[in-house]
Amino acid sequence: MLAEISTTWKLLLKLLGPEILFSSLKSIHSFPRSPSHLGLMHRHEHLLRKTTKNFKTATTTLQSTLLLLLFVPLMKPAPPTQQDPRIIYDYGTDNFEESIFSQDYEDKYLDGKNIKEKETVIIPDEKSLQLQKDESITSLPPKKENDEMPTCLLCVCLSGSVYCEEVDIDTVPPLPKESAYLYARFNKIKKLTAKDFADIPNLRRLDFTGNLIEDIEDGTFSKLSLLEELSLAENQLLKLPVLPPKLTLFNAKYNKIKSRGIKANAFKKLNNLSFLYLDHNALESVPLNLPESLRVIHLQFNSITSITDDTFCKANDTSYIRDRIEEIRLEGNPIVLGKHPNSFICLKRLPIGSYF
């Protein structure tokens with residue numbers, strides 16, 4: 001018997017070559033689930049037809065291969081496993097690696113899921129089916145807790161910040177109630193109303209730079225007691241609204257604001273305001289009652305023609321020093337600062353502008 005097997009091996013090596021023979025044997029051992037011998041025989045016949053010129057010799061070799069197949073199960077039989085009817089092995093193609101990969105993936109990830117589903121399948125009776133039908137009709141869909149989801153799809157919501165930049169919105173979108181920062185720059189918003197922020201009390205920063213805002217209702221920011229930074233730069237404003245009391249930064253540069261569009265006490269009660277940017281507008285004078293907390297004041301490129309001794313200092317108090325102001329910019333205005341020397345006597349630094 002061993003002599004016959006040895007003779008068969010030599011004949012197979014001679015006819016098929018070592019590469020084809022070992023590939024065939026590898027395919028045999030790669031499928032321990034008793035694959036179809038007929039399909040494997042067809043594959044060997046196909047390979048033998050390629051590598052032999054004599055069909056008679058190929059037939060003899062095919063018989064030897066069949067003999068070898070009879071002895072392979074005797075060497076090391078594979079443990080019996082349940083054959084998955086969903087997996088079909090095609091031994092007549094060259095995609096063995098893809099078939100094995102698909103098999104491994106399904107065994108690891110799909111079989112467990114499918115088995116679990118099969119185990120939990122319960123065949124209901126007619127009464128239970130009727131009960132389920134009634135429940136499906138009478139039950140209402142669950143109410144969404146986050147009604148602001150469309151805004152977070154259009155914009156980006158991240159840790160209390162909402163980014164709605166360059167999305168072509170023309171009104172303030174509904175915001176999540178926990179929003180603290182809104183960046184709505186470079187859109188087409190034309191108006192701000194009190195309803196826009198009525199239910200968002202935790203806002204700390206609003207940035208509407210680069211919109212088309214012409215009008216802001218006076219009560220728009222009245223309920224925003226925590227608002228610290230407000231930017232309305234590069235819009236179409238003609239006047240300023242009532243500002244919230246805790247502002248530290250207010251930016252309204254590049255608008256069309258005139259002096260009559262700013263109320264006399266617009267900044268008086270803003271005791272935390274440090275940065276005021278009103279440059280590139282149409283102001284004819286410096287706003288009145290600027291708070292002591294200011295550090296930076298930008299008024300360049302307006303239409304300011306004159307200032308007084310009370311604009312930045314106190315005319316009746318020569319000992320008064322305004323030590324918090326670090327920068328005042330007045331360049332680009334039709335005013336000669338050198339004609340008003342007493343207007344800066346309380347400042348540590350002279351304003352930037354023309355003195356001649």
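Helices, of type H or I and at least four residues long, and strands, of type E and at least two residues long, are DSSP runs that are numbered from the N terminus. The exercises below use these names for a predicted model.

**Exercise 1. Taking stock of the whole chain**

Task: State how many helices and strands there are in the protein, and what percentage of its residues is buried.

Solution: Begin with the secondary structure, where the protein has six helices and 11 strands. Next, turn to burial, and note that of the 356 residues in the protein, 37% are buried. Then consider the surface, of which the protein exposes about 22800 Å², with carbon and sulfur atoms supplying 56% of that area. Finally, look at the contacts with a separation of 6 or more, and find that 47% of them are made by residues 24 or more positions apart.

**Exercise 2. Reading the open sheet**

Task: Work out in what order the strands of the open sheet follow one another, and which strands stand at its edges.

Solution: The open sheet is formed by nine strands, and reading across it gives the order β1-β2-β3-β5-β7-β8-β9-β10-β11, with mixed pairing. The strands at the edges are β1 (156-158) and β11 (327-329), and because each has a single partner strand, one side of each is left without a neighbour in the sheet. If direction is ignored, neighbouring strands of this sheet are turned by 5° against each other on average. As background, the strands of a sheet pair through backbone hydrogen bonds, and they do so either parallel or antiparallel. For one pair inside this sheet, β3 and strand β5 (residues 205-207) run parallel and are joined by three bridges. Within β5, the residue D207 is the bridge partner of Y183.

**Exercise 3. Classifying aromatic pairs**

Task: Decide whether the ring pair of Y163 and Y183 is stacked or edge-to-face, and then treat the pair of F250 and F267 in the same way.

Solution: Rings of this kind pair if their centres lie within 6.5 Å, and planes under 30 degrees apart count as stacked, over 60 as edge-to-face and the rest as tilted. By this rule, the count for the model comes to five aromatic pairs. The ring centres of Y163 and Y183 are 5.0 Å apart and the planes meet at 5°, so this pair is stacked. Y163 belongs to strand β2 (residues 161-163) and Y183 to strand β3 (residues 181-183), so that the pair, whose members are 20 residues apart, links distant parts of the chain. As for exposure, Y163 is partly exposed at a relative accessible area of 33%, whereas Y183 is buried at 11%.

For F250 and F267, the ring centres lie 6.4 Å apart with the planes at 55°, so this pair is tilted. This pair also links distant parts of the chain, with F250 in strand β8 (residues 249-251) and F267, 17 residues away, in the loop between β8 and β9 (275-277). Both F250 and F267 are buried.

Two further aromatic features can be added to the solution. One aromatic cluster is formed by F197, F208 and F221. In addition, K314 lies over the face of Y320, at 4.7 Å from the ring centre.

**Exercise 4. Two residues of one loop**

Task: Find which residues are touched by I257 and which by S274, leaving out residues up to four places away in sequence.

Solution: Start with I257, which is found in the loop between β8 and β9 and counts as buried at 0% relative accessibility. The residues that I257 touches are L237, L238, K239, L240, A252, I262, N281, A282 and L283. The C-alpha atom of I257 is separated by 8.3 Å from that of Q236, which is 21 residues away along the chain. Continue with S274, which lies in the loop between β8 and β9 and is buried, with a relative accessible area of 15%. The residues that S274 touches are T248, S293, L294, R295 and V296.

**Exercise 5. Positive phi outside glycine**

Task: For N289 and for F301, state what value phi is near.

Solution: For N289, phi is near 55°, which is a positive value in a residue other than glycine. N289 lies in the loop between β9 and β10 (296-298), where N289 is partly exposed, with a relative accessible area of 36%. For F301, phi is near 60°, again a positive value in a residue other than glycine. F301 lies in the loop between β10 and β11 and is partly exposed, with a relative accessible area of 42%.

Note on methods: Residues are numbered from 1 along each chain as its sequence is written. This is a predicted model: local features need pLDDT of at least 70, side-chain atom pairs count only at pLDDT 80 or more; totals for chains, interfaces and linings use all residues. Side-chain values use heavy atoms; hydrogens and water are left out. Buried means under 20% relative accessible area, exposed over 50%, partly exposed in between (1.4 Å probe, protein chains only). Contact means heavy atoms within 4.5 Å. Accessible areas come from the Shrake-Rupley method with a 1.4 Å probe; for residues, only the protein chains shown count as cover. Rings of Phe, Tyr and Trp (its six-membered ring) pair if their centres lie within 6.5 Å; planes under 30 degrees apart count as stacked, over 60 as edge-to-face and the rest as tilted. A charge sits over a ring if NZ of Lys or CZ of Arg is within 6 Å of the ring centre and within 35 degrees of the ring normal. Two strands pair if DSSP finds at least two bridges between them. Axes are lines fitted to C-alpha atoms, for helices over the stretch in contact, and angles run from 0 to 180 degrees between N-to-C directions.
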